[in-house]
Amino acid sequence: MSKIIQNLQNVEIDSLKKLGEVTKYLNEHPMLRSFLISTGFIVTSKLIKLIKDRIKSNTILEIDFTNTIDTSDVDISPIEKIFDPNIISFKSLLDAIEKGANDKKVIGLIVRLSGENHFSLANIQEFRNAVSYFKSKGKRTVAFTDSFCEAGSGIGRYYMASVFHDVYMAPSGTLNLINTQYDFAFIKKTLEKLNIVPDTITRKEYKNALNGLVNEKLTEPEKESMNAIFKSLYEQIIEDIAKDRSLTKERVNELFESGPFSSDKALVNKLIDSTLYSDEVYTTTYEKLDTTKKNSNLLYAHKYNDKTKPLYGKKFGRSQQGVIALINAEGTIHQGTSANKYNGGPSIGSDSLVLAIRSATLDKDVKAIVIRVNSGGGSYIASDMVHHEIEVSKKAGKKIVISMGTYCASGGYFLACNADKIVALGATLTGSIGVLTAKFNLKGLWEEKVHVKFDALHLNPDGATDNSTYFSSLHNYTEKQLAEVNSYMDFIYEDFTSKVSKGRRLTRDQVEEIARGRVWTGAQALKLSLVDKLGGLKESIEVAKELVGIASNVQPHVVVYPKESVLSQLVASSANNSQDLERRGTPAQASITHSVGISTSIFTKFTTLTKLILLPNNSISSIANTIINNQKNSNILSMNQSSIISSSF
C-alpha cells in the first residue's frame with residue numbers, strides 16, 4: 001500500500017514539474033500563450049452557445065404581433081441589426097414555422113394578434129400557407145386576441161386567425177367582420193384652385209392612376225376593374241374562412257353582411273372557439289397538448305429561427321445537384337443603384353438588380369435563380385435593363401422563377417414576364433400592362449398664389465417653336481410636344497405588350513385583351529395565363545427545384561445574391577474593373593453612406609400604400625385607394641423640379 005502511495009506521489013511530483021515547465025515555456029512565448037488563451041475562450045464560448053441554443057423537448061413557438069415586424073422581402077443586414085437589434089423580419093417567422101413543423105421537439109404554435117403592424121393581404125396569405133403546413137405535420141396551432149379590432153374593420157386580422165385550430169377572443173372583444181365601402185378622392189378642383197394645370201397621358205383606358213387628377217368621379221373602365229378586383233379578393237377570403245371554420249361560403253357571406261359581432265355572438269356563429277383572456281389561453285393550450293406549464297418550453301419563433309440551422313442551408317455538396325440563387329427586389333424601379341431603408345428605400349435600382357442576376361449567372365454551381373419581386377413599377381428604361389438581363393441569364397442555361405409578393409405590376413410585370421415560371425399569391429396585385437406620363441404646369445401657382453415672377457432666356461432666338469420647354473414646370477406641352485409624347489407612349493406600350501406576348505407565349509390579341517393598363521389579382525392572373533402557379537416564396541423554390549431536377553424530398557441549398565459581406569459593402573468602390581463588379585454582384589458605390597445606408601431612416605411610403613390589416617382603420621377597402629395612390633405617389637419618377645413625371649408603369 002505504501003508503495004502505491006509513493007508511486008502516486010512521484011506521478012504528482014512529475015506532473016507538477018511538467019506543468020511548471022509548460023508554464024515557464026508559455027511565459028517565455030507570450031504570443032503562443034495569448035493564442036491558446038484566445039482559442040480556449042472561443043471554444044468555451046461556442047460550447048456555451050451550443051448548450052444555450054439547444055432546443056428543448058415540448059417547445060411551443062410563440063409569435064407576438066405587438067412587436068414590430070418588418071415585412072420587407074429584402075434581408076435584414078448586419079448593419080441594420082446593429083442600429084435596430086430588436087427588429088423582427090416577417091420572413092424569419094415564416095422560416096421558423098416551416099422549420100418547427102419538421103422539428104420533433106416543437107409541439108405547437110401560439111400567436112397573439114394585436115399591435116400596429118401593417119400586413120398586405122398577400123402577406124396574410126403567405127403566413128396562412130405556413131400555418132397550414134405546420135398543421136399538416138400534426139402540430140397544434142392557436143391564435144388569440146383581445147379584439148378583432150375595436151374601431152375599424154377586423155377582416156384582415158380575422159382572415160389571418162381563421163386558419164388556426166383554435167381561435168380565441170377576450171370576452172370584452174368585438175369581431176368587426178363587415179362588408180366595406182370604398183371611397184375615392186378626386187383633386188381636380190383642388191388643382192384648379194391652386195392654378196396647377198396637369199397634362200396626363202396614359203396607355204390605355206384601364207391605366208387609371210392619374211384619373212383623380214383630371215376627373216371628378218370614377219370612369220367606367222375604372223369601376224369595372226376595381227369591382228373585379230374586390231370581388232376576387234372577397235371570394236378568396238370567404239372561401240378560405242369557410243373552409244377553415246367548417247362553414248359554407250353562403251353562411252360566411254351572410255356573416256359579412258350582418259357583422260360586427262360581440263364575443264358571445266361570434267361564439268354562437270362559430271367564428272371563434274371560446275372567449276378567453278390571455279392567461280386562460282395558455283392554460284387551455286397546455287391541456288390540449290397534454291402537457292403543463294412546467295414541462296413545456298415557450299420560445300419566440302424568431303428566437304427559434306436564430307437558434308436553428310438556416311431553412312435552406314447547405315444540405316449536400318454544391319456539385320451534386322446545384323444551388324438555387326435567391327434575389328430580393330422591392331420598391332420603385334429606377335435607374336442606378338438600389339436603396340435600403342436607411343437611405344430612402346427599399347427600392348429597385350436597375351444597376352444593382354442587373355449585377356445581382358449577372359453574379360448568380362456567372363456562378364457555375366447556380367442552376368436556377370428565384371427573384372422575389374415586390375414592386376408596383378417605375379421606370380420603363382430600368383425595367384427593360386432587368387428584362388434583358390433575365391433573357392441573358394436564360395440563354396446561359398439558368399432557370400428563372402419570379403416569386404410575386406404583395407404586388408408585381410406594371411414595370412414589375414415588365415421585368416418578370418420572360419421568366420421560365422411565375423408564381424403569385426392569390427391576392428398579389430399584378431398586370432397593369434400599360435404606361436402613363438404626366439407633367440404639371442406650376443406657373444399659375446407660383447405667380448398668382450405665391451407671387452413669384454419668372455423671366456426666360458432662349459439659346460435659340462426663336463425658342464417658342466423648339467422643345468426647350470419640354471421639361472419645364474412653367475409650361476404645358478405644346479401641340480408638337482404632345483404629339484411626340486404620344487408617339488413615345490405608343491412605342492413603350494408596343495414594346496411592353498410584345499414582350500408579354502413572347503414571354504408568356506400568348507398571341508398579341510390575347511395580350512391586348514388583358515393589357516390596356518388593367519390590374520389583376522394573382523387569382524385572376526392565373527386564369528389569364530399571366531402567372532403559372534399560386535403560392536409564395538416556398539412554392540417558388542419548389543418550382544425552381546422541379547425545373548432543375550432536384551428531387552421533391554430534398555431540401556435545396558439556397559444562396560442569397562449578391563453574396564456580399566459587410567466588409568465588401570464598406571469597400572464596394574475598390575473594384576478594379578467592371579468584371580469585378582459582375583463577380584461581386586453589386587455596383588460601385590459613391591460612399592459608405594450609400595452602400596451601407598448609415599443615414600437618417602426614411603421609410604418608403606410606397607410599401608405602406610398597399611398595406612391592409614391589423615390597424616383598426618385599415619381594411620380591404622384600403623386596397624381600392626392604394627391601387628391608384630401607388631402609381632400616383634411612387635411609381636411615377638420625377639424628371640424635373642418634381643413637376644415632370646417620366647414614362648412610368
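User: Where should I start with helix packing? At what angle do the axes of α9 and helix α10 cross?

Analyst: Start with two values, the approach of the axes and their crossing angle. The axes of α9 and helix α10 (residues 249-258) come within 9 Å, and they cross at roughly 115°. This is a predicted model. The crossing of α9 past α10 is right-handed.

User: Which residues of α9 and α10 meet?

Analyst: From α9 come Y234, I237, I238, E239, I241 and A242. They meet K249, V252, N253 and F256 in α10. By class, this contact of α9 with α10 has seven nonpolar, one polar and two charged residues.

User: What is found in the loop between α9 and α10?

Analyst: Look at backbone torsions there. S246 sits in that loop. Its phi is near 55°, a positive value in a residue other than glycine. S246 counts as exposed because its relative accessibility is 67%, and the cut-off for exposed is over 50%.

User: Which residue in the loop between β18 and β19 can I set beside it?

Analyst: Take S432, in the loop between β18 (429-431) and β19 (435-441). Phi of S432 is also positive, near 55°, and the residue is not glycine. Now check burial. S432 has 0% relative accessibility and so counts as buried.

User: Back to α9. How do the axes of helix α5 and helix α9 cross?

Analyst: Read the angle, then the handedness. Helix α5 (residues 121-136) and helix α9 (residues 220-244) have axes that come within 12 Å and cross at roughly 25°. The two helices are therefore roughly parallel to each other, since the cut-off for that class is under 35 degrees. α5 passes α9 in a left-handed crossing.

User: Which residues of α5 meet α9?

Analyst: L121, Q125 and R128 do, and their partners in α9 are L233, Q236, I237, D240 and D244. The classes in this contact are three nonpolar, two polar and three charged residues. I237 is listed here with α5, and I237 is also listed in the contact with α10.

User: Now sheets. What is the strand order in the open sheet of six strands?

Analyst: Write out the order, then find the edges. The order is β10-β6-β5-β4-β1-β11, with parallel pairing. The edge strands, β10 (274-275) and β11 (297-300), each pair on one side only.

User: How many bridges join strand β1 to β11?

Analyst: Four bridges join strand β1 (residues 59-64) to β11, and the two run parallel. For a register mark, use E62, whose bridge partner in β11 is Y300.

User: Which strands does helix α4 touch?

Analyst: Helix α4 (residues 90-101) packs on the sheet and touches β1 and β4 (106-112). The direction of α4 makes about 160° with that of β1. α5 packs on the sheet too, touching β1, β4 and β5 (140-145). The direction of α5 makes about 150° with that of β4.

User: Is strand β15 mostly covered or uncovered?

Analyst: Count buried residues along the strand. A general point helps here. In a regular strand, side chains alternate between the two faces of the sheet. Strand β15 (residues 366-375) is mostly covered, with nine of its ten residues buried.

User: Which strands pair with β15, and over how many bridges?

Analyst: Strand β12 (residues 323-330) is joined to β15 by eight bridges and runs parallel to it. There, E330 has N374 in β15 as its bridge partner. β15 also pairs with strand β16 (residues 399-409) in the parallel sense, over seven bridges. R372 stands opposite S403 in β16.

User: Where are cis peptide bonds found?

Analyst: Check omega. A cis peptide bond joins G345 and P346, with omega about 5°. P346 lies in the loop between β13 and β14. The bond from Y561 to P562 is cis as well, with omega near 0°. P562 is in the loop between β22 (557-560) and α23 (566-570).

User: What does F454 touch?

Analyst: Leave out residues up to four places away in sequence. F454 then touches W446, E447 and L474. F454 lies in the loop between α18 (443-449) and α19 (479-504). Its relative accessible area is 38%, so F454 is partly exposed. The C-alpha atoms of F454 and L474 are 9.0 Å apart, with their positions 20 residues apart along the chain.

Key:
Residues are numbered from 1 along each chain as its sequence is written. This is a predicted model: local features need pLDDT of at least 70, side-chain atom pairs count only at pLDDT 80 or more; totals for chains, interfaces and linings use all residues. Side-chain values use heavy atoms; hydrogens and water are left out. Axes are lines fitted to C-alpha atoms, for helices over the stretch in contact, and angles run from 0 to 180 degrees between N-to-C directions. Angles under 35 degrees count as roughly parallel, over 145 as roughly antiparallel, 65 to 115 as roughly perpendicular and the rest as oblique. A crossing is left-handed if the near helix is turned anticlockwise from the far one by less than a right angle, and right-handed if clockwise. Contact means heavy atoms within 4.5 Å. Ala, Val, Leu, Ile, Met, Phe, Trp, Tyr, Cys and Pro count as nonpolar, Asp, Glu, Lys and Arg as charged, and the others, Gly among them, as polar. Two strands pair if DSSP finds at least two bridges between them. Buried means under 20% relative accessible area, exposed over 50%, partly exposed in between (1.4 Å probe, protein chains only).
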